[in-house]
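Biologist: I should like to learn how the features of a protein model are read. May we work through one together?

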Amino acid sequence: ADQLSGGRFAVNVVSGWFKDEFTHLGEPWLEHDERYRRSAEFLQVLRKIWTEDDVDFRGDFYRIHDFTLKPKPIHTPELFQGGNSTAARRNGGLYSDWYFSNGKDFTGITDQIVEVRDHARTVDREVSIGLNGFRSAVQQAGSATGDKKGMWADSSFEDLVQYNDGFRTQLIGTPEQIAERIAAYRRRGVDLILGGFLHFQEEIEYFGAKVLPLVREIEAADSQETLSEYRVPVLS
């Protein structure tokens, strides 16, 4: 996949919470922190076999002896660790390229960023931050289809919104409101936002035309303000 995509391939590791997915495949159902401990080993093994030859790994869940993966990826895919828990934050900081939060308000994501990057600093590494934030204009979902028919055409707001931490980001609203909130998350250290779109072809085009230009304007203004703060006057 890495070679075919020219490096546009990444792996998001989710430690899993659907018991039947494990038990139906004959896998033991571990308690929460043990599942993340298994994920920690998985992240380490994956990176090793992508980047090293003759890999040896002796863990509680994975054991590999003298293994060489061929062919290896040309561009080592980035690893995402999803989750909000303490165990997920630890994995994100110690083993992943990205910590991918399921979605929080400003205070929640700030706490997570601080904790994840504290973990990363203990092993002298850097981690980028992703945020799951839904921005779909769900109240307009019915009118998004040309003939007003379709899965969401006669749905109410309550039908469309299923509770998830992603909605705490409040990335729902006018283009101006969404752009301002995206910029505010950016200032808090968020590097990536996953948006949710019900009718993705039409809504991504709308997002690109109406929201992204506003985000770029705000970022440019923030950058100029930062330069002004640190500009040293020159005395003639």
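Biologist: Among the contacts in the protein chain with a separation of 6 or more, what percentage is accounted for by residues 24 or more positions apart?

Modeller: Please note at the outset that this is a predicted model. Residues 24 or more positions apart account for 61% of the contacts with a separation of 6 or more in the protein chain.

Biologist: How many helices and strands are there in the protein chain?

Modeller: The protein chain has eight helices and seven strands.

Biologist: How much of the protein chain is buried, and what does its accessible surface come to?

Modeller: Of the 236 residues in the protein chain, 37% are buried. The accessible surface comes to about 14,600 Å², and carbon and sulfur atoms contribute 53% of that area.

Biologist: Let us turn to charged side chains. How many salt bridges are there?

Modeller: The general idea is that side chains of opposite charge can pair when their charged atoms come close. The cut-off here is a side-chain nitrogen of Lys or Arg within 4 Å of a carboxyl oxygen of Asp or Glu. By this rule the count is 12 salt bridges.

Biologist: Why can Arg37 and Glu34 be discussed in terms of a helical turn?

Modeller: Both belong to helix α3 (residues 32-51), and because they are three residues apart there, about one helical turn separates Arg37 and Glu34. Their side chains form a salt bridge with an N to O distance of 2.7 Å. Arg37 is partly exposed at 34% relative accessibility, and Glu34 is partly exposed at 25%.

Biologist: Which salt bridge lies in helix α8, and how far apart in the helix are its partners?

Modeller: The side chains of Glu219 and Arg216 meet in a salt bridge, at 3.3 Å from N to O. Both residues lie in helix α8 (residues 200-230), three residues apart, which is about one turn of the helix. Glu219 has 30% relative accessibility and counts as partly exposed. As for networks, salt bridges that share partners join Glu34, Arg37 and Asp60 into one.

Biologist: What is the distance between the closest N and O atoms of Asp191 and Arg186, and how accessible are these two residues?

Modeller: The closest N and O atoms of the salt bridge between Asp191 and Arg186 are 3.3 Å apart. Asp191 is partly exposed at 36% relative accessibility, and Arg186 is partly exposed at 44%.

Biologist: How should strand pairing be read for β2 and β3?

Modeller: The general idea concerns the two faces of a sheet: in a regular strand the side chains alternate between them. In this model, strand β2 (residues 55-58) and strand β3 (residues 63-67) pair over three bridges in the antiparallel sense. Arg58 stands opposite Arg63 in β3. The two strands, β2 and β3, form a hairpin with four residues between them.

Biologist: In which sense do β5 and β6 run, parallel or antiparallel?

Modeller: Strand β5 (residues 98-101) and β6 run parallel and are joined by four bridges. Phe100 stands opposite Gly130 in β6. Strand β6 (residues 128-132) is mostly covered, with four of its five residues buried.

Biologist: Is Ser15 buried or exposed, and where does it lie?

Modeller: Ser15 lies in the loop between β1 (10-13) and α2 (19-23). Its relative accessible area is 6%, under the 20% limit, so Ser15 is buried.

Biologist: Which residues does Ser15 touch, not counting those up to four places away in sequence?

Modeller: They are Phe22, Arg35, Tyr36, Ser39 and Gln81. With the side chain of Ser39, the side chain of Ser15 makes a polar contact of 2.6 Å.

Biologist: Where is Gln81 found, and what surrounds it?

Modeller: Gln81 is found in strand β4 (residues 78-82) and is buried, with a relative accessible area of 0%. A polar atom of the Gln81 side chain lies 3.5 Å from the backbone oxygen of Val13. Gln81 and Trp98 are 17 residues apart along the chain, and their C-alpha atoms are separated by 6.3 Å.

Biologist: Finally, which residues make a nonpolar surface patch?

Modeller: Val14, Trp17, Phe18 and Trp29 make a nonpolar surface patch of about 440 Å². Val14 is found in the loop between β1 and α2, and Ser15 lies in that loop as well.

Conventions: Residues are numbered from 1 along each chain as its sequence is written. This is a predicted model: local features need pLDDT of at least 70, side-chain atom pairs count only at pLDDT 80 or more; totals for chains, interfaces and linings use all residues. Side-chain values use heavy atoms; hydrogens and water are left out. Buried means under 20% relative accessible area, exposed over 50%, partly exposed in between (1.4 Å probe, protein chains only). Contact means heavy atoms within 4.5 Å. Accessible areas come from the Shrake-Rupley method with a 1.4 Å probe; for residues, only the protein chains shown count as cover. A polar contact is a pair of N or O atoms within 3.5 Å; within protein, one must be able to donate a hydrogen and the other to accept it, and residues adjacent in sequence count only if both atoms are side-chain atoms. Patches are made of residues with over 30% relative accessible area and no salt bridge: like charges are joined within 9 Å, nonpolar side chains (Val, Leu, Ile, Met, Phe, Trp, Tyr) within 5 Å. Two strands pair if DSSP finds at least two bridges between them.
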